[in-house]
Amino acid sequence: MAVLSISRRTIARSARALGVASASAALALGVAGNALACNINEFSAEAKCEGTQGVITVTDVDKAGVEATVSVYLVNNNADVRMVGEKTVKGSKEGTTITFEEDWAPNAEYRIHVEALPYIKGEDIKPNLTTPSTACKTEEESPTPTATPSPSDSATPPAEESSSPTPSASESESTAPASSPSNAPTPAAGDSNLAETGANSNTGVIAGIAAALVAIGGGAVFFGMRRRGASSTR
């Protein structure tokens, strides 16, 4: 009887020890499994520029490669304003990055929501993402180089404009001044014809009489001088 009771006690103790060991192993495996499973701490977000385009990137470093759904929201006064976008990602040891195109403004706030069932049942990356204080540069802000004039441009003087443009033939003909009327009286038609033909004119007769009178006067003076000279010699 003593031997039987001892064996029962030994079996009970062994079973109890085995149960404790099994529970410890299960707990250890559970902890290890949770450590290897996907969790929110394996996700990170960043706002940056790709050229002139603003983007928001989310990186997943989950080694287990659990598929997760990532949603990005613009936030204002702790309230969602609009959804920027939603994408899925499978993490990796090196990290897997997904990109959301977003023309973000400086110091804007975004909420990054992650869901990876059954491990992450909808959690946000803490704290919310705040964009940089400087926006991405646009093409208009890029400095434009000043063009340097070539030697040929500087050596060639600009053509001088004529101070007085030469009028064309049509302009000179159209602007020719009209002949001014003469101040001399215009003879009547009848007088002009008589002057040209000499008819009905007394000019010849008067000239002949005048010549005869001059000749007679000259002869009288000559003879008078001779007579005075003859009488004086006597």
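Partly exposed, in this tour, means a relative accessible area between the buried limit of under 20% and the exposed limit of over 50%. Keep that scale at hand as you move through this predicted model.

Start by selecting Asp80: at a relative accessible area of 40%, Asp80 is partly exposed. Next, add Arg111, which forms a salt bridge with Asp80, the closest N and O atoms being 2.6 Å apart. This pair links distant parts of the chain, with Arg111 in strand E6 and Asp80 in strand E4, 31 residues apart. Arg111 counts as buried because its relative accessible area is 18%.

Keep Arg111 selected and bring in Asp124, whose side chain meets that of Arg111 in a salt bridge (3.1 Å, N to O). Asp124 sits in strand E7 (residues 120–124). Together, Asp80, Arg111 and Asp124 are joined into one network by salt bridges that share partners.

Now jump to Glu102 and Arg82, which form another salt bridge (2.4 Å, N to O). Glu102 is in the loop between E5 and E6 and Arg82 is in strand E4, so the pair ties together parts 20 residues apart in sequence.

From there, pick Ser71 in strand E3. Ser71 is buried at 3% relative accessibility, and its side chain makes a polar contact with the side chain of Glu86 (2.7 Å). Residues touching Ser71 include Arg111, Ile112 and His113.

Finish with the largest nonpolar core, which has 25 residues. Among those with the most contacts inside it are Phe43, Val70 and Val114. Select Val114 last: its contacts include Phe43, Val70 and Ile125.

Technical notes: Residues numbered from 1 in each chain as written. Predicted model: local features only at pLDDT ≥ 70, side-chain atom pairs only at ≥ 80, totals over all residues. Heavy atoms only, no water. Helix = DSSP H or I, 4+ residues; strand = E, 2+ residues; numbered from the N terminus. Buried < 20%, exposed > 50% of the residue type's maximum accessible area, 1.4 Å probe, protein only. Polar contact = N/O pair within 3.5 Å; in protein donor to acceptor, adjacent residues only side chain to side chain. Contact = heavy atoms within 4.5 Å. Core = buried A, V, L, I, M, F, W, Y, C linked by side-chain atoms within 4.5 Å. Salt bridge = Lys/Arg side-chain N within 4 Å of Asp/Glu carboxyl O. Lists of a residue's contacts leave out its neighbours within four places in sequence.
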